[in-house]
Amino acid sequence: MKAAIYRNYGGPEVVRIEDTPLPEPGPGEILVKVAHGSVTTADWRLRAAAFPGILAVPGRLMFGLRRPRAAVLGSEFAGHVAALGEGVTGFAEGQAVFGFVMLGAHAEYVVVKADGAVLPVPEGLALEEAAALPFGGLSALVFLRDFAEVKPGQKVLVIGASGGVGAYAVQIARAMGAEVTGVASAAREGFVRGLGAEAFVDYRSQSLRTLGARFDAVIDTVGAVGFAEAKAVLKPRGVFVPLNFGPKEMGQALWTRVFGGRRVRLGVSGDTKADLGVLARWVEEGRLRPVIDRRFPLAGIREAYALVETRHRQGAVLLDMAA
Ligand SMILES: NC(=O)c1ccc[n+]([C@@H]2O[C@H](COP(=O)([O-])OP(=O)(O)OC[C@H]3O[C@@H](n4cnc5c(N)ncnc54)[C@H](OP(=O)(O)O)[C@@H]3O)[C@@H](O)[C@H]2O)c1
């Protein structure tokens with residue numbers, strides 16, 4: 001099968017399309033023939049060893065000190081079940097499925113755990129739409145629900161509201177009953193409001209400080225603001241959730257946990273079947289829709305990476321395996 005292989009950390013040029021052996025599903029695993037994958041900010045960080053802040057050390061220990069341990073990146077996917085490993089029930093060969101794996105989806109086939117984040121494609125959703133859902137959707141769900149603990153009626157500020165995670169965070173905060181203000185550049189206003197934001201801020205022409213202390217939660221998907229700036233727009237018990245963080249934010253999280261006031265909450269996103277099911281249900285109920293920026297053939301993966309690295313994408317950047 002064809003796969004996007006990288007053997008050294010570096011720019012998009014380290015990725016090459018090569019023929020590799022077809023993986024085999026072990027007990028409890030499924031082999032999926034991938035129709036569509038995507039390139040995410042996580043793939044870019046792993047490819048370039050661009051781990052934010054203090055994560056540089058654990059990142060390299062986990063994924064390879066001098067060079068990457070795994071050769072194929074790629075987390076979200078949609079495709080068809082090609083083979084079932086021993087003991088797998090609940091899936092059938094040929095069934096359309098979508099999901100999220102740590103690594104390996106930048107390939108024509110990927111092996112996933114049957115009890116992991118993989119489910120049948122929701123009714124009425126095209127395969128390419130399903131492939132655009134897991135990364136942004138799962139991240140946004142976990143950060144809003146588990147770390148920001150958003151409640152109905154609360155006011156949420158989403159910084160990076162049109163991006164890979166932000167485009168889902170706006171919709172999911174709305175689905176959770178919150179009132180959303182989105183932050184992106186002026187050209188994205190109509191798009192972000194269309195996702196459900198009641199208000200919009202163009203970060204290039206308006207300082208966030210002018211908004212006043214009225215938010216229960218600030219979600220920064222970009223790394224654009226620090227706690228000082230977030231504090232200026234948070235209510236007295238409001239919470240700041242930066243998706244990228246270093247030692248400074250870790251200290252602030254500890255400090256605010258002990259001494260109270262406006263809080264910093266940190267974490268990493270999850271990838272459970274149950275949470276993927278929440279996203280699928282919201283899609284079926286019309287409360288969440290996948291957002292696709294551009295599509296590239298697998299052979300165009302370097303261009304896909306280049307777009308993701310601009311930090312100005314609008315939703316998911318897809319890979320079409322058959323193209
Ligand atoms: N901790 C975890 O477990 C976890 C999980 C998932 C993701 N992450 C991290 O979270 C981050 C989110 O990734 P993503 O894929 O959503 O990023 P992304 O797609 O690159 O974000 C793009 C968004 O940011 C906006 N933006 C760019 N520059 C800005 C600025 N200076 N101020 C405000 N907004 C700005 C863009 O708007 P315009 O296009 O209009 O400029 C667009 O809305 C990544 O760094 C990723 O590593 C962490």
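Start with helix α1: of the elements here, α1 gives the most to the shell around the ligand, with three residues. Keep in mind that this is a predicted model. The domain assignment splits the protein chain into domain 1 (2–133 + 290–320) and domain 2 (136–264), and the shell around the ligand takes at least three residues from each of them. Below is a quick tour, topic by topic.

**Around the ligand**

- There are 28 residues around the ligand, and those that come nearest are Gly160, Gly163, Gly164, Val165 and Ser185.
- Two elements, α1 (41–48) and β9 (179–184), give two or more residues to this shell.
- By residue type, the shell around the ligand holds 13 polar, 11 nonpolar and four charged residues.

**Two domains**

- How far apart do the C-alpha centres of domain 1 and domain 2 lie? The answer is 27 Å.
- Where the two domains touch, 13 residues of domain 1 are in contact with 15 residues of domain 2.
- On the domain 1 side of that meeting place, you'll find six nonpolar residues, five polar ones and two charged ones.

**Helix α1 and what follows it**

- Which residues of α1 are buried? They are Thr41, Asp43, Leu46 and Arg47.
- The cover over these buried α1 residues includes β1 (2–6), β2 (15–19), β3 (29–39), α2 and α10 (301–309).
- Right after α1 comes alanine 49, which takes a positive phi of about 50°.

**Phenylalanine 51**

- Move on into the loop between α1 and α2 and you meet phenylalanine 51.
- Is phenylalanine 51 buried or partly exposed? It has 17 C-beta neighbours inside 10 Å, so phenylalanine 51 counts as partly exposed.
- Setting aside neighbours within four places in sequence, the contacts of phenylalanine 51 are Arg45, Ala56 and Gly59.
- Phenylalanine 51 and asparagine 244 are 193 residues apart along the chain, yet their C-alpha atoms are separated by 9.3 Å.

**Helix α2**

- Helix α2 (residues 56–63) has eight residues, and the number buried is zero, so α2 lies largely in the open.
- Just after α2, glycine 64 has a positive phi too, of about 125°.

**The six-stranded sheet**

- If you trace the strands of this open sheet, the order is β10-β9-β8-β11-β12-β13, and the pairing is parallel.
- At the edges sit β10 and β13 (263–264), each of which pairs on one side only.
- Strand β9, which also gives residues to the shell around the ligand, is joined to strand β10 (residues 199–202) by four bridges, and the two run parallel.
- One bridge to look up pairs alanine 184 with aspartate 202 in β10.
- How do you get from one of these strands to the other? β9, helix α6 (residues 189–194) and β10 make up a right-handed β-α-β unit.
- Another parallel pair is strand β8 (residues 155–159) with strand β11 (residues 215–220), joined by four bridges.
- To find your place in that pair, look for valine 156, which stands opposite alanine 217 in β11.

Notes:
Residues numbered from 1 in each chain as written. Predicted model: local features only at pLDDT ≥ 70, side-chain atom pairs only at ≥ 80, totals over all residues. Near = placed C-beta within 6 Å. Nonpolar A, V, L, I, M, F, W, Y, C, P; charged D, E, K, R; others polar. Domains from an automatic or database assignment. Pairing = 2+ DSSP bridges. Right-handed = clockwise from strand over helix to strand, strands pointing away. Buried ≥ 20, exposed ≤ 12 C-beta atoms within 10 Å, placed from the backbone. Contact = placed C-beta atoms within 7 Å.
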